[in-house]
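Hi there,

Here is the structure I promised to pass on to you. Have a look at it first, and then read my notes below.

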Amino acid sequence: MKFQVLDIVPYVANPVTGEQLTPSERLHETLEFARRAEELGFDAFSVGERHAGRFLSSSPSVLLGAIAAQTSTIRLQTGVTVLSILDPVRVAEDFATIDQLSRGRLEITIGKGNEVAQFPLFGLEIDDQWELLAEKYALLRQLWRETELDWPGTEFTRPLTKVTTLPRPYAGPPRVWHGSATTLASAALAAKWGDPLFSANAIQPLRNYEVLVRHYRDEFERHGHDPNTAYVGAGAGSLFIAETSQAAKEQYGPVYEALVAATNVPGNNSVFRDIDHAIAEGPALVGSPQQVIDKIGRFHGAFGHDLQSISLPTTLPHEQQLEQLEYFATAVIPALREEFPTTLWGDGDAQLGRACSAEPVGASAA
């Protein structure tokens with residue numbers, strides 16, 4: 001199993017203490033998380049994209065560019081690139097630039113997003129979200145694969161004549177994952193193209209996400225793709241590890257319950273309203289190291305996934321978040337790597353050769 005840190009850069013105060021960082025402080029936290037994740041041996045770091053609500057992740061390409069310049073080995077991802085509302089030409093240019101800066105360490109995850117308020121911001125209709133995603137992805141694929149591209153245009157894309165986007169990707173097209181949170185449509189689109197799937201696994205019961213992954217694998221084979229390349233990623237709810245389950249609940253429970261109580265966003269409301277329910281039946285990774293290991297093992301039993309994503313409890317003090325990151329890396333990851341091997345980013349993965357180590361900005365020359 002491989003491991004990723006995802007930061008959608010929420011910008012909210014600690015609901016218990018009221019402490020609130022400045023936007024600059026919060027963004028610099030993200031950069032430090034990425035640097036530390038690389039030092040601790042995580043495989044990937046992902047930045048979200050949001051355009052509604054209290055988030056600072058409206059420009060993930062800018063953040064990833066900064067991270068690319070300050071890291072050298074960790075893979076860079078998005079979670080998700082909201083392609084439904086974006087210009088595919090601009091996406092091709094921006095992310096190929098990051099791919100070049102990072103020397104092939106980029107992979108993106110696309111989706112239609114789950115913030116209903118973002119569509120009117122960009123002059124779009126939410127009823128068109130799936131068609132927007134499918135048509136724009138078809139164009140993005142060709143922009144990264146062809147030069148002098150002639151594109152006839154579709155209902156949601158304009159005609160293009162002899163277009164070559166620059167820069168080109170570093171060493172062939174970056175891998176594109178498809179994020180799926182609530183419906184089968186993204187899973188079906190991933191299967192159609194033979195791409196990997198990323199299941200949010202964040203706020204619903206496990207069985208709901210299991211249905212998405214099963215549908216993806218069935219469709220993947222129906223389209224004639226090699227099932228050995230049907231890579232699956234999975235997210236998780238809150239992460240908080242302590243020596244015992246009781247200590248974890250006592251320390252993080254009040255924060256979790258206050259955050260959930262304050263959340264009233266359609267499509268983003270967890271059914272797990274208290275910490276005991278979230279631990280027992282929800283996706284929250286709260287407890288002792290062994291409890292977290294066992295729970296991710298249950299995720300794997302449902303998904304057979306290759307990539308596990310975690311998110312830090314970003315309303316807590318910065319040093320406490322870094323402690324959680326290190327605790328997970330040292331007490332959880334080794335056991336899961338051994339128990340659940342994968343070919344993702346290893347032997348047998350066709351994308352293995354894309355990435356080369358890059359010396360971060362500020363590193364001394366040899």
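**What I found**

Thr109 lies in strand β5 (residues 108-111); helices (H or I, at least four residues) and strands (E, at least two) are DSSP runs, numbered from the N terminus. This is a predicted model, in which local features need pLDDT of at least 70 and side-chain atom pairs count only at pLDDT 80 or more, while totals for chains, interfaces and linings use all residues. Residues are numbered from 1 along each chain as its sequence is written, and side-chain values use heavy atoms, with hydrogens and water left out.

Is Thr109 buried or exposed? Thr109 has a relative accessible area of 4%, so it is buried (under 20% relative accessible area; exposed is over 50%, partly exposed in between; 1.4 Å probe, protein chains only). Not counting residues up to four places away in sequence, Thr109 touches Thr78, Val80, Thr81, Trp177, His178, Gly179 and Phe198 (contact means heavy atoms within 4.5 Å).

Next, the cores. The largest nonpolar core (buried Ala, Val, Leu, Ile, Met, Phe, Trp, Tyr and Cys residues joined through side-chain atoms within 4.5 Å) has 81 residues, and those with the most contacts inside it are Phe42, Phe45, Tyr216, Ile296 and Phe328. Helix α5 (residues 129-145) gives the most to this core, with 8 residues. A second, separate core has 14 residues, including Phe240, Tyr256, Phe272 and Val286.

Enjoy exploring!
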